[in-house]
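Let's take a walk through a protein chain together, starting with the whole thing and then zooming in on a few spots. Have the sequence and the 3D view ready.

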Amino acid sequence: IYEKNEKLGKKLFITGKGRCNLTNNCEVEELMKHVVTNPKFLYSAFYNCNAQDVMHFFEQNGLELKTERGNRVFPASDHSSDVIKTLEQALNKQKVTVRLHHTVTRILTEPAHDRMQNQMQNQMRVTGICVKDEKGLQKQEHFDAVIVATGGLSYERTGSTGDGLRFARDLGLQVTECQPSLVPFEIEEDFCRNLMGLSLRNVTLSCYTKKKNKDKLLYQEQGEMLFTHFGVSGPLVLSASSHMRNFGSAKYRLSIDLKPALDEKKLDARLLRDFEKYANHDFCNALDDLLPQKLIPVVVERTEIPPHEKVHDVTREQRRRLGQVLKHFSVDIAGPCPVTDAIVTTGGVKVGEVDPKTMESKLLHG
């Protein structure tokens with residue numbers, strides 16, 4: 001293993017907020033449902049090494065695991081460093097040589113032997129790598145095969161600086177456009193500064209795009225999200241982002257159901273009870289039991305009910321409008337944050353040129 005960083009697992013260390021979500025304890029079919037594009041490509045990979053195989057590997061190597069809500073699997077210690085230690089011990093057991101501070105600069109190739117020529121479209125094979133050591137000296141190392149595991153373009157500080165994509169282009173492989181995915185959004189409205197840091201739990205987030213003047217639902221899920229100084233983030237938003245891939249040509253909006261446990265009738269009954277309790281208060285001071293403090297001024301403004309109108313003077317129509325705002329709190333997406341803020345990169349080496357059974361390039365042996 002040639003690692004350009006000073007230690008192994010820098011990206012693993014920060015995953016899952018430092019807890020490292022290892023896998024999802026479910027069947028392959030369930031995993032496939034959550035692959036947004038081309039799940040078929042991953043069939044062989046997932047069936048050859050499924051979630052249970054991953055868990056078994058770590059447990060066999062001494063790491064205790066636990067399964068949490070949503071079938072997410074974490075180390076029992078909640079420390080990603082324990083996952084890295086387990087992998088390092090497994091490497092030592094297999095007598096794998098690890099060279100830190102070694103940067104691979106290119107992949108070496110030569111014409112393939114005659115026996116391979118019929119299989120290989122361009123009759124080339126990999127012979128090794130060119131690598132720069134910790135002293136800056138360049139040297140060539142020769143191998144029968146090379147596995148490129150460099151990551152995409154996200155989390156640059158962990159070493160994912162697009163090296164693998166450059167190697168692929170230099171070798172004549174097709175690289176599709178790279179974009180951020182599992183990424184926060186910037187929003188068009190300017191209320192975010194006032195909501196910065198506000199976390200919403202147990203809300204339902206729906207993502208829509210315009211299709212022939214109609215709103216088309218792309219994604220809907222219940223969970224947690226977060227307002228930031230520039231827009232929205234958190235688990236629901238990151239998941240929704242993988243369904244939004246055409247920012248150049250499409251417009252997207254989010255709709256937040258702030259009270260998913262209550263249908264409109266039950267919500268109205270709840271509002272009536274609260275209005276009775278706060279009958280002599282100003283409207284802007286009557287929503288404390290219903291909403292987080294930071295969100296109240298934004299909701300009040302959207303209802304167009306005068307903030308200092310007495311609650312006993314609020315009409316049925318105004319109350320209905322409040323209910324609509326609570327069930328359909330709309331946010332217009334300006335665009336995704338840069339790839340540096342993304343968790344993963346979409347795009348990259350064209351999978352049509354990769355054998356899904358082995359992950360070997362179809363154009364370049366080894």
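What follows goes from the overall numbers to the strands, and then to a handful of single residues.

## Ground rules

You are looking at a predicted model, where local features need pLDDT of at least 70, side-chain atom pairs count only at pLDDT 80 or more, and totals for chains, interfaces and linings use all residues. Residues are numbered from 1 along each chain as its sequence is written, and side-chain values use heavy atoms, with hydrogens and water left out.

## The whole chain

How many helices and strands does the protein chain have? There are 12 helices and 17 strands. Both are DSSP runs numbered from the N terminus: helices are H or I with at least four residues, and strands are E with at least two.

Next, the overall dimensions. The radius of gyration of the protein chain is 26 Å, while a compact globule of 366 residues would come out near 21 Å. That radius is taken over C-alpha atoms, and the globule rule is 2.2 Å times the number of residues to the power 0.38. Along the principal axes, the C-alpha atoms fill a box of roughly 85 × 50 × 40 Å.

Out of the 366 residues, 39% count as buried. Here, buried means under 20% relative accessible area, exposed means over 50%, and partly exposed is in between (1.4 Å probe, protein chains only). The chain exposes about 21,200 Å², and carbon and sulfur atoms supply 49% of that. Such areas come from the Shrake-Rupley method with a 1.4 Å probe, and for residues only the protein chains shown count as cover.

What about contacts, meaning heavy atoms within 4.5 Å? Among contacts with a separation of 6 or more, 68% come from residues 24 or more positions apart.

## Strands that pair up

Strands of a sheet pair through backbone hydrogen bonds, either parallel or antiparallel. In this report, two strands pair if DSSP finds at least two bridges between them. Here are four antiparallel pairs to find in the view:

| Strand pair | Bridges | One pair of bridge partners or opposite residues |
|---|---|---|
| β3 and β4 (residues 72–75) | four | T67 and V73 |
| β7 (residues 124–132) and β8 (residues 138–142) | five | C130 and Q140 |
| β11 (residues 199–211) and β12 (residues 214–227) | 11 | V203 and G223 |
| β12 and β13 (residues 231–233) | two | F227 and V232 |

Some of these pairs are hairpins. β7 and β8 have five residues between the strands, and G136 there takes a positive phi near 85°. The hairpin of β11 and β12 has two residues between its strands, with K212 in the turn at a positive phi of about 50°. β12 also forms a hairpin with β13, this one with three residues between them.

Now look at β3 and β4 again. Together with β2 they make an open, antiparallel sheet in the order β2-β4-β3. Why is one side of β2 and of β3 left without a neighbour in the sheet? β2 (23–24) and β3 (65–68) stand at the edges and have a single partner strand each, so one side of each has no neighbour there.

## A few single residues

Start with E189, in the loop between β10 (185–187) and α8 (192–195). Is E189 buried or exposed? Its relative accessibility is 19%, so E189 counts as buried. Leaving aside neighbours within four places in sequence, E189 is in contact with R302, S330, V331 and D332. Q174 is 15 residues away from E189 in sequence, but their C-alpha atoms are 39 Å apart in space.

One of those contacts, V331, sits in strand β15 (residues 329–336). V331 is buried, at 0% relative accessibility. Beyond four places in sequence, V331 touches I187, E189, F191, R253, L254 and I256. V331 and E188 are 143 residues apart in sequence, yet 7.7 Å apart from C-alpha to C-alpha.

Helix α11 (residues 296–303) holds T303, which is buried at 0% relative accessibility. Which residues does T303 contact, leaving aside its neighbours within four places in sequence? They are F283, R321, L322 and V325.

Finally, find D268 in helix α10 (residues 264–277). D268 is partly exposed, with a relative accessible area of 25%. Its C-alpha is 6.7 Å from that of G323, although the two are 55 residues apart in sequence.

Key: Contact means heavy atoms within 4.5 Å.
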